[in-house]
Amino acid sequence: MSLLIIIGITLLVLGMTNPTNNIAVKRMAGILRIAGILVVILGIFSSAIRMVEPGKVGVKSLFGKVQPATLSSGLNIINPLAKVELFDITTQSYTMSGSEQERSQQSDGPIRVLSADGLEVTIDMTVLYRVNPRQAPAIRREIGPGNTYIDKIVRPTARTRIRDNAVMYNAIDLYSKKRDEFQANIFESIRSDFETRGIVLENLLVRNVSLPESVKMAIEAKINAEQEAQKMQFVLQKETQEAERKRVEARGISDYQRTISASLNDRLLKYEQIKVMQNLVKTNNSKVIILGDSNNASMLINDK
């Protein structure tokens, strides 16, 4: 009940009390009654108007019974006897993280799950959700007032569904190639659970997957081995290409020599010899020229 209504009723009671016949007192009592009536009317009027802030909806309850209609943002006229509770319908987040900086009322520590191969995996995740405005009365009636739905629905549902889906994957798959598939499966399972309780799941973010230290070392060793194997494969490929280049070069030289050998004969050699001697004779240097072969040789001496 509005404070103004209580004050007005008090003034009315005082004004109706008339222990004396004094005219001044009677006049004051009349003023108190009028003032009490005006204050009661003002209190009723103010109680009948409720303002709902942006991003929220109002849920009405009258004599302990939740009303099905909600109050939208802005000014609303209601039954003065009704009680109004506000529900936040903006996007909210529930974070599971090991970082102290992200700890708040709507956060929790990282969730530890068992993978299909029996290893304990630590997952950091954020759930983005909001209250369905049309379902706010049902949430108030079935779950409770205020942010009760966070502890009763959001937190247990998210953590349970994460564990239920994690057991279907190996630890290394969660860490690498099947991480997106894991996130999509969790999203669908949580979304359906939230919808039945009047909550809309907007997004689900798997931010970090931490493996046991022994598994991390094994993965790093495997990655290093794969990199070394790729490096060796590159070297072998390069050497193979170089060997192929040398074989092609040798084949070309062999073909050239074979072609030259096939085209050489005594007459061609004699002709080439004569051309060389002609060039020597034309020079101005002193020279000794031997003509013929070992059986029939002659010498030409030129001292110019």
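## Two buried serines and a nonpolar core

Ser115 lies in the loop between β8 (111-114) and β9 (120-131); strands (E, at least two residues) and helices (H or I, at least four) are DSSP runs numbered from the N terminus. The model is predicted, so local features need pLDDT of at least 70 and side-chain atom pairs pLDDT 80 or more, while totals for chains, interfaces and linings use all residues. Residues are numbered from 1 along each chain as its sequence is written, and side-chain values use heavy atoms, without hydrogens and water.

Ser189 is placed in helix α6 (residues 179-196). The table lists both serines; buried means under 20% relative accessible area, exposed over 50%, partly exposed in between (1.4 Å probe, protein chains only). A polar contact is a pair of N or O atoms within 3.5 Å, where within protein one must be able to donate a hydrogen and the other to accept it, and residues adjacent in sequence count only if both atoms are side-chain atoms.

| Residue | Relative accessible area | Side-chain polar contact |
|---|---|---|
| Ser115 | 5%, buried | Asp117, 2.3 Å |
| Ser189 | 17%, buried | Asn165, 3.4 Å |

Leaving aside residues within four places in sequence, Ser115 is in contact (heavy atoms within 4.5 Å) with residues including Val121, Ala166 and Leu174. On the same basis, Ser189 touches Arg161 and Asn165.

The largest nonpolar core (buried Ala, Val, Leu, Ile, Met, Phe, Trp, Tyr and Cys residues joined through side-chain atoms within 4.5 Å) has 39 residues. Helix α4 (residues 148-166) gives the most to this core, seven residues. Among the residues with the most contacts inside the core are Tyr149 and Phe194.
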